[in-house]
Each structure stands twice: as C-alpha cells, then as structure tokens.
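Reader: I am new to this structure and would like a close look at a single part of it, followed from one strand into its surroundings. Could you take me through that part step by step, and explain the terms as you go?

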Amino acid sequence: MAEKKSTTGTTWNCYDANTMSAREIYGRVLREMAKTNDKIVGVTADLEKSTNIGIFGKEFPDRMFNVGIAEQNLFGVAAGLAKSGLIPFASTFAVFACLRGGEQVRTDICYQNLPVKIIATHAGISFGQAGSTHHCTEDLAIMKSFPNMTVIVPADGAETGRAVEACMDIDGPVYIRVGRGFEPPFHHDQNFNFEIGKGEIVHEGSDCTIITCGIGVLQSVIAAKELKNVDGLSVRVINMHTIKPIDKDIIVQAVKETRRIITIEEHNTIGGLGDSVAAVIAESGKGCAFTKIGLQDEFSMVGYPEDLYSHYKLDSNGIAETVREIMGKEFEEDEDWEDEV
Amino acid sequence: MVKKDVTVDKLKELAKQLRKDIIQTTVWAGSGHVGGAMSAADYLVALYFKYLNINPKDCNKPDRDRFILSKGHSAVGYIPCLSLRGYFEKDKLKTFNHFMSPFGMHPDSLKVPGCDCSTGSLGHGLSIGVGLCLGAKLQKQTYKTVVMLGDGECCEGSVYEAMMAAKHYKLDNLIAIVDRNGLMIDGRTEDVMSLEPFADKWRAFGWNVIEVSDGNDMQQVCDSLDQAWNNDTSLPTAIIAKTVKGKGVSYMEDDVKWHYGAIDSEKAEIAYADIEKL
C-alpha cells in the first residue's frame, strides 16, 4: 500500500484496507497518531476489544481509561479529560453513545464545545443477530441535532482511517459512525479525496442521483454499474460521508442536473441523511422526484447483516429496484431553473 | 499548595456578605434557587478565599485548582461568590437571568469568568471531575479538583458510576463535597428517596469520608477542608456536610418551599437583617 501523508502530519503504512474491519483500522490509526501526539487518550466502557480502541490501549496502557459498563460516566470522564487539555477518543457501541450517554455527550461535551472524538461502532443494523437493543438507527438524528457536533459516516475502513485523522483538525466534538464487522471495502487504496464537509461524486451519472453514506456507498456504485449495463441508466452516486455539516452545493447540483434523488442510509428514514438532504432540496425551492430508503420508522429485525441489508433494500439489488421505481416518478418541470440557481 | 492565611472570622464575614449578595442577586434575577445556595455558601467562601489555588486575574492558569458545581442550580450562590472573589464586578450580577446575560440559573463555563465547568443537569459533575483528575495525573499536574454535589442529586445513578471510577483510579486529587441539606424539590430526601446510610455508601465505594455535623459552621468547614487537603491516603475524599437549606434567613431555613423562590423588597429586608445577626 502506498504511504500517505495524513492531515495531522503523521505518515504511516499500518494497515491493509482490503483485509481489516473498519474498527481494526480505527484502532491502528489511533495507535499511530498517538505515537506523535501525546495529548491523545482513549476512554471506553468495557468495549476495548469490541470497538478496537484496545489496539491503541495495548501500546499506551497509561493513556487508556476503561470505566467499566458505565456510559454516562464514560462521556463525563471524556469531558473532564478534555478540560484537562487532552484529546480523548471515546469508543462504545453507537446505541449507547447516543442514548445511554447521550445527555453527557450533549451537555458535558457539545455544550462546552470540548474536543472529544466519539468513535462509535456496531452502528446501524451491522450487529444483525443482536437485534434492536444493540442496533442503532437513531444516532445520526440525535448527534446531528447537538450544536457544535460534526457527524461523519465513513464508507469503509480506509475512509474510517482518514476520518479519524481528519477529526483532529476539528476544534470541537466529532462523532464518527462505524459498523461492526468486515463490510466489503469501497476504497482499495488510500488515493482518494477525503475532506470533512465535502461530498464526493464516486460514480458519474445524469438520470438520477443516489446520495448515501457508510455501507450504502459500495452497494450504490454496484447498483449504478448494473443499471448502466442492464437498463442503460446513468446514475450518479454521491458519497456523503459528512452528515453534518452537510454539503449543500453537491446536493443542489445533483437536483439541477439529474432531477431525481434517492437517499440510502442504514438508519431510520426519520432524522437521518435523507432528512438532511430533503431540507436542502426544499430550501433550494426546486422540485425533483425524491425517495428516502432506510428503516421506515420501524425497529429492526434479527438476522445476519446481509439478510437485513437485503430486506431493507440497502444492498445493490434493493437499490437498483428503487432507482427503477424513481425513474417512473413524475416531477414538475421548471423552465426557469437556470435563472434561479 | 499554599493555603491563604485567612482567619475563620474573616471567612465568616465573607460568608455573610455572600449571603447578602445571594439575596440581592435573587431580587435582581426575579427568582432563584436560593435555599441550596444559602446552604452551600460557607463552603463556597472557604474554598474561594482560602483553599483553592486560583487567580481571578488569570482564570485559565494551568495549575489552578478546579471547582465544579455539580449542583448547578446553586449558580445564584456560586456566581456571586466568583464576583465577591474578584472575577468580575458585582454590578454585572444585575443582569442575572435576563436576556443575553452571561449569568443564568445554571453556570455556563464559556460565559462566566472563573467557572471551570458548565453544569445544571444533576449527576454530571463528579464524572467530569474524575476525568479532570485522570488528566491531571497523566500530565503530572498537582492541582486538585473539587466537586460540590447536592444530596438530592445523589439519587442519580451516574454519581455512583463516578464514585466507583474515582476509587478504582486512586484519585487522591479529587474532593467531593456533598451539601447534605436534607431537602429536595418534593420534600425531605429521606421521604422522597432515602439516601441513608449516606456516608456509609461513600465508604462502601472506597472513599476517604469526612463527616461534618454542621457544614454552616466555618470552623468545621475549615477543619474538614484542611483534612481533605492533607489527604495522605490513595483514596478520593468525600466531605459529607450536614447543612441547613436557606441558612441564615429565618423564613427560609429548612423549608422545602425555599428550594426555589422569589424575594420581594420586604422579604429582602428581613433577610438582610437575619443575615446580619449570624
């Protein structure tokens, strides 16, 4: 793998994105960053191993604090560590970060704009067999509603690594959402653009645009390729890895150029990426065909993740089906578009 | 750490002044959590005028002792105390609770000079204190962190999470002070949700516990803080101080109605006269 220069100035070649889970890459990147930045500390609540923050902790045991199964304390302690001048990375499962410890995240961390980096794993429905108690399809809605918080959903492990580096440049709290297992990688090397707050067009197209994040990026690109070959459709795919602040320009551009928008997210369709995109479209004053795919305000089922992704139309087959449906949708033509945008 | 050479009598005078300032601020604010501010006033004065290593002219000096008012609703006692200590002019307290004021019912660390931590939601302060103490030790800083809790606040489960962690990590640089005034909004703590045996709870969690029979007696306050500052164990210290809610004002003392209230000019005059007699 090519050596790369990170946004924080460290250089390394510490993982193979093709064979490691996003969690494992997170742990390794954090460990490497901590070698040159002694302000970095880790905090977890009995999930050193599960979240892989333990990879950092093993190398820096004095800088790793495990508070036991106590998530309210986890985020309060992280706030205190930040107040002492350190940069805490706090890791637990997404559902506990946004709900059990959610008030501490809001009031102790965000209200005081402290530089706590929350790397939450097992997000969405990626912990398939565990069911709704351990799934998390509400975190984006919750975290994006906290002032000062930046919210990132990397597409895969390599992008997780980049996000973990880049979050050091944000002088405030950051929430990075990671899945559970080894979701197939979208990026196969580190030669890709990653800038917080900037969406990326990862597949060009003019008939329709899919705006997605996380596991949806790879699946949407697979679907776009199939739709081109089978249906002759030209489908744009935008990797919207930053949910907040959302990249408004790339959304408005997609509305203007494709007039059909689909959002794909491993989250409740209420409050997540889809609603952020919908708000941008509504504020633009431009009409378009629009569909939100995700969990339709329902608690998730138990099952292996791939079965769940298929059921909720988050895999390439489901995404292709949604694109075919939206191509038949009517929307109001707007002759004055060029004048107004 | 060098404690300031301030006599108990001087501290008593300052506590009287703070109590008057609390009444005055409550009048300016329209209303306030005056009962719990009055019960905590003696510890606030002792900390800010004798024990805490702080400098009002340099709010962010790295080696300063930290103070977290976990019972954040007592801001109407804490913020006037910061003013009395010289962080800002008393005149500014006239804006308390008003539109655009830096001072509200709960302290905001980004707006109140000298305030180390935003608080208000109960059960949060001790965890933040644990984090500060861990950070101080890691960075080889010797400052202490003092967290003041309400007794009613100790119904919150997060307090016990933090208690466990403080002992586990041997945070001998942490001092918790519980303002045990025995009252919460809905009545006596023992009637609403019994806390006793309260000091034993802290002992059971592995803390060095100091019980104070009268936390409104400045001599006892100072004795307990001397003991806490000279903690030679590897344990965190808890001062469980029995106090009187509304202390110093005849019509407020030990009356749950004065958890929160408004004071008109007539009531204020009675309060000032009562405080003068302390």
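Author: A:Ile261 stands opposite A:Phe290 in β14(A), and this contact between strands belongs to a longer pairing, since β13(A) and β14(A) pair in the parallel sense over 6 bridges. Strands here are DSSP runs of E with at least two residues, helices are runs of H or I with at least four, and both are numbered from the N terminus; two strands pair if DSSP finds at least two bridges between them. The model is a predicted one, in which local features need pLDDT of at least 70 and side-chain atom pairs count only at pLDDT 80 or more, while totals for chains, interfaces and linings use all residues. Residues are numbered from 1 along each chain as its sequence is written, and chains are lettered from A and ligands numbered from 1 in the order in which they are written.

β13(A) also has β10(A) as a partner, and these two strands pair in the parallel sense over 4 bridges. In that pairing, A:Thr212 has A:Ile264 of β13(A) as its bridge partner. β13(A) is mostly covered, with 9 of its 9 residues buried, where a residue is buried if 20 or more other C-beta atoms, placed from the backbone, lie within 10 Å of its own, exposed if 12 or fewer do, and partly exposed in between.

These strands lead on to the helix α11(A), residues 273-284. Its buried residues are A:Leu273, A:Gly274, A:Asp275, A:Ser276, A:Val277 and A:Val280. What covers them includes β13 (260-268), β14 (289-295) and β10 (208-212) of chain A, together with β12 (242-244), α10 (248-258) and α7 of that chain. The 12 residues of α11(A) should span 16 Å at 1.5 Å a residue, and its end C-alpha atoms are 17 Å apart, which agrees; the expected span is 1.5 Å times one less than the number of residues.

A:Glu283, which lies in helix α11 of chain A, is exposed because it has 11 other C-beta atoms within 10 Å. The C-alpha atoms of A:Glu283 and A:Lys248 are separated by 10.0 Å, although the two residues are 35 apart along the chain. Just after α11(A), A:Gly285 takes a positive phi of about 80°.

To place this part in its chain, it helps to look at the domains. Chain A is divided into domain 1 (4-177) and domain 2 (200-329), with bounds that come from an automatic or database domain assignment, and the C-alpha centres of the two domains lie 26 Å apart. Across the boundary, 23 residues of domain 1 of chain A are in contact with 25 residues of domain 2 of chain A, contact being counted if the C-beta atoms of two residues, placed from the backbone, lie within 7 Å. On the side of domain 1 that touches domain 2, the elements that give two or more residues are α7 (139-144) and β7 (150-152) of chain A. Of these elements, α7 also appears among those that cover the buried residues of α11(A).
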